[in-house]
Amino acid sequence: MNSLDEDLKQVAVIGAAGKMGVGITLLLLTAMAELGLQTGADDFSLKAIDPNEQGLKDLKSYLRKQLTRWAEKNINKLRRGFAKKPHLVSNEEMIEAFLGSTFENIDFGTSLEEAKNSTLIFEAAIEDVEKKAAIYKALGTSKAFFFTNTSSIPLELLSERGDVKGRLIGFHFYNPPAVQKLVELIVPASINPELSEKAGQLVKRLNKLPVYSADVAGFIGNGYFIRELKFACDLVRTLAKESSLEIAIQQVNTITKDFLLRPMGIFQLLDYVGVDVAKNIFTIMREYLPDPSLKEPLIEDWGSHQVIGGQRADGSQKDGIFNYSSSIPIAVFSISKKGYIPLNQDLSLGMPPLGYSWKALQKDPQRQEKIKAYFAVLAQEKSLGSKLTLSYLEKGAAIAKQLVADGIAQSLDDVSVVLKNGFFHLYGPHEVEAICG
Amino acid sequence: MANSPFRKKVFAAAGYSTVFMGPGRKEFDPSKPMRGYESYLQETAKGTLAQTAHPECDEGILGSFMSARFIKQANLPGFLPMMIPALEGKACTGVEGACGTGGRAIAMAIRSVLSDLADTVFVAGFEMQNTVKSVYGADILAGASYYSGERKAGHAFFFPGIFAERAGAYFARYGEKETREALATWYQQAILNARLNPKAQEYHNLAKDLLGLGLTPPDKDSFLPYLNLFDCSKISDGAASLLILSEEGLKRSGIPKNQAVEIVGIGEAVSDITKPPEDPIQLTTTALAVRKALESARLSIDKIGVFEVHDCFSITGLMALEALGLAKPGGASRFILEGQTLKEGYAPTNLSGGLIGFGHPTGASGVRQLVDLLHQLTGKAANQAPLQKPYGLMFSMGGNDKTVTAFVAYSQR
């Protein structure tokens with residue numbers, strides 16, 4: 001078996017110019033370049049492959065900028081690495097030499113062919129079984145190991161369809177890959193143990209926090225998110241009977257942000273992820289779990305009205321369920337009116353107690369005690385907001401427990417790690433349990 | 001009472017410093033276009049000239065360490081007529097001595113006055129270090145050492161590494177705990193003094209637990225062994241200037257004598273830059289320069305009432321106290337912890353904030369130090385010491401204790 005160091009000399013990223021591909025490419029490039037500094041062997045090869053030529057140009061500039069910052073920040077590593085090169089004396093000379101040799105080792109291309117000699121191939125292409133399978137089939141004659149960034153498609157299925165049984169593993173990064181510590185590892189039944197071992201080593205090398213998920217559609221992250229989203233939509237329909245869909249959407253969004261102490265409400269999060277992306281994951285989970293109940297009419301409705309969301313290239317939020325100004329919701333889409341209507345000032349929820357916010361609590365070293373106290377007070381309150389929050393919390397805890405019962409997550413702790421890191425939750429489902437009972 | 005060692009009296013007057021700008025100041029924003037060096041030069045010249053009725057300088061001297069790299073500008077003499085129109089067509093000189101540039105510039109001005117070539121010499125020092133990111137600035141500043149002999153093996157940020165080694169040797173010899181407390185106290189005093197000085201880079205520093213920050217345990221993985229970030233002076237842009245005058249020049253300037261100081265002692269010492277320090281726990285060249293300055297003024301150290309020492313790092317400030325003879329070898333920590341360097345102490349030191357508190361635009365610091373001594377000895381300082389003795393002492397140091405100039409100034413009040 002090749003050592004990880006040897007394998008890290010010939011790496012390819014398929015879909016390198018995509019939203020996640022860019023970050024995965026940077027992460028791998030940094031690891032390979034740093035290894036080169038440590039070993040003195042800077043002759044690695046990284047293939048960045050994507051059909052989008054302009055995207056590849058943008059990727060190149062992005063990599064140069066980010067790698068320069070990395071080199072400046074890690075100047076000590078460069079100085080150690082170049083200690084035996086007498087002609088490299090100043091920080092500036094070392095940074096230039098490092099960038100120069102690193103960029104000589106990257107090839108940008110639009111053809112899958114270019115990856116044929118790579119030993120580790122990272123696939124971050126579109127979330128589609130056939131498209132992914134086609135990529136593996138095209139490269140399958142090589143002896144490479146494949147790492148897929150799929151967030152929902154079962155690995156055994158992909159391995160079969162792509163003819164790479166045993167040589168494909170799920171290595172699901174969270175956004176942004178260069179910064180976000182969480183990686184979901186999904187090991188299909190037919191895995192070659194060598195790949196399993198390698199993935200474990202790689203996750204450590206990349207300084208990531210691994211959580212193992214069973215090979216079940218949606219894994220832990222989407223397994224939780226999609227089911228919670230379904231509950232949120234069900235709740236919207238229930239509340240809409242008393243008012244309207246538009247008010248109910250705002251109510252549930254507010255509950256899931258201000259009352260649940262999260263960075264964003266569930267529907268703003270849905271806009272962030274992309275309504276079409278979520279719809280696709282619903283479809284994948286419905287078909288491959290299988291679970292016919294995972295069909296969400298609201299998401300279908302939004303889709304048919306071109307309500308999509310997502311981000312622009314500069315990271316700003318595109319309109320979706322909400323209309324945004326500087327990434328802040330200022331209006332909500334009305335399906336009946338086929339357009340945006342202003343947000344309601346009064347949602348009849350009451351106010352969450354104690355005036356806490358996710359933003360302030362995130363930096364607060366005493367947040368655990370404060371959160372406990374907050375929910376204890378909330379449990380006593382009689383407002384509509386408080387009552388809805390408690391039932392939402394109960395449902396969240398139930399979803400998390402079911403993930404463990406179904407063997408998808410090994411423990412509630414693992415679900416907690418995924419929610420706290422991948423979704424920036426401040427507390428995990430079993431912490432909630434103590435309050436809800 | 002001192003007798004000046006010179007054949008005629010030499011005075012310093014009309015001192016001025018700009019704000020020393022850099023990380024720490026509220027208005028510092030590297031994402032926006034920053035103030036140009038010409039603006040600093042013009043401001044300091046204006047500030048000096050505003051204090052004299054007679055702007056007709058005979059000579060100009062401009063000191064800067066590495067303008068050729070920081071702002072890609074040399075031929076500095078050519079800027080003096082821009083700063084002082086009366087210097088058009090006159091003798092102007094550029095001076096360099098690393099971080100000790102200011103001291104060398106003043107020393108050259110004194111020579112001109114003593115040689116009767118000039119009655120009024122305008123002296124300025126400046127540096128613009130924020131033109132480059134600090135990781136690259138470190139390479140530039142490393143030119144104050146023996147670059148080809150030392151840079152390669154040196155720390156990424158070079159000079160902190162040099163003085164960290166000295167600190168390590170001092171800790172090994174005299175103990176780390178008390179020395180670390182003294183260094184933290186030095187930092188605390190530097191910032192407290194800077195808070196009283198609107199021109200200081202650390203003027204806006206409102207951190208609550210300064211001593212705690214100074215006690216931050218050094219981290220050799222993220223920075224250095226032995227020294228933390230608070231032990232280091234920061235990256236600065238700034239300028240300072242004053243006039244060096246003969247008695248005749250002083251009369252012509254209209255500046256009252258009690259607004260000037262007489263330079264009654266000078267000590268200059270330079271050591272072979274290619275050789276390592278004689279003793280890492282002593283500032284040998286500084287001690288020599290200060291001894292010469294005191295001898296030339298026929299004074300002992302106990303006659304000096306106020307001090308400006310070159311504390312590029314807290315350990316440098318601490319070792320300086322021993323080099324000056326204020327504390328015996330190994331006694332500097334105690335001296336600091338007893339409060340002897342405070343305004344009310346035996347040896348009021350760096351009441352301007354010093355290099356750590358005021359900032360350290362390398363070419364300007366030496367001039368800025370004499371400006372601050374001038375203010376102290378004429379009763380004009382923002383953080384005024386109750387002067388028990390009419391003498392002030394400063395030393396300006398270049399590199400790792402290689403290029404040192406010391407002055408004794410005498411109040412005319």
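What follows walks through strands, a helix, cores and salt bridges in a predicted two-chain model.

Because the model is predicted, local features need pLDDT of at least 70 and side-chain atom pairs count only at pLDDT 80 or more, while totals for chains, interfaces and linings use all residues. Residues are numbered from 1 along each chain as its sequence is written, chains are lettered from A and ligands numbered from 1 in the order in which they are written, and side-chain values use heavy atoms, with hydrogens and water left out.

Strand β2 (residues 45-49) of chain A makes a handy starting point. Helices (H or I, at least four residues) and strands (E, at least two) are DSSP runs, numbered from the N terminus. Five of the five residues of β2(A) are buried, so the strand is largely enclosed by the rest of the structure; buried here means under 20% relative accessible area, exposed over 50%, and partly exposed in between (1.4 Å probe, protein chains only). In a regular strand the side chains alternate between the two faces of the sheet. In β2(A), A:Ser45, A:Lys47 and A:Ile49 point one way, and A:Leu46 and A:Ala48 the other. Two strands count as paired if DSSP finds at least two bridges between them. With strand β1 (residues 10-14) of chain A, β2(A) pairs in the parallel sense over five bridges, and A:Val11 sits opposite A:Leu46. Four bridges join β2(A) to strand β3 (residues 106-109) of chain A, again running parallel, with A:Ala48 opposite A:Phe108. Helix α2 (residues 19-39) of chain A links β1(A) and β2(A) in a right-handed β-α-β unit. Right-handed means that, with the strands pointing away from the viewer, the path from the first strand over the helix to the second runs clockwise.

Strand β5 (residues 145-148) of chain A also has buried residues facing both ways: A:Phe145 and A:Phe147 go one way, A:Phe146 and A:Thr148 the other. Strand β4 (residues 120-123) of chain A pairs with β5(A) in the parallel sense over four bridges, and A:Leu120 stands opposite A:Phe145. The chain gets from β4(A) to β5(A) through helix α6 (residues 129-139) of chain A, in a right-handed β-α-β crossover. Three bridges tie β5(A) to strand β6 (residues 168-173) of chain A, which run parallel, and here A:Phe146 faces A:Leu168. Helix α7 (residues 155-161) of chain A completes a right-handed β-α-β unit with β5(A) and β6(A).

Helix α10 (residues 245-259) of chain A has 15 residues and reaches 20 Å from its first C-alpha to its last, close to the 21 Å expected at 1.5 Å a residue; the expected span is 1.5 Å times one less than the number of residues. Eleven of the 15 residues are buried, so α10(A) is largely enclosed by the rest of the structure. Polar residues turn up in that buried set, including A:Glu246, A:Gln250, A:Gln251 and A:Asn253. Just after the helix, A:Leu261 takes a positive phi of about 55 degrees.

A nonpolar core is a set of buried Ala, Val, Leu, Ile, Met, Phe, Trp, Tyr and Cys residues joined through side-chain atoms within 4.5 Å. Of the 69 residues in the largest such core, A:Leu229, A:Val252, A:Phe267, A:Leu270, A:Trp302 and A:Ile321 touch the most other members. Its largest share, eleven residues, comes from helix α9 (residues 221-240) of chain A. Apart from this core lies another, of 67 residues, among them B:Phe163, B:Tyr170, B:Val290 and B:Ala323.

Over all chains there are 40 salt bridges, each defined as a side-chain nitrogen of Lys or Arg within 4 Å of a carboxyl oxygen of Asp or Glu. A:Glu123 and A:Lys132 meet at 2.6 Å, N to O, and both A:Glu123 and A:Lys132 are buried at 1% relative accessibility. A:Lys116 and A:Glu113 have their closest N and O atoms 3.9 Å apart; A:Lys116 is partly exposed at 47% and A:Glu113 exposed at 52%. In chain B, B:Asp116 and B:Lys8 form a salt bridge at 2.6 Å, N to O. B:Asp116 lies in the loop between α4 (101-114) and β4 (120-128) of chain B and B:Lys8 in the segment before β1 (10-17) of chain B, so the pair ties together parts 108 residues apart in sequence.
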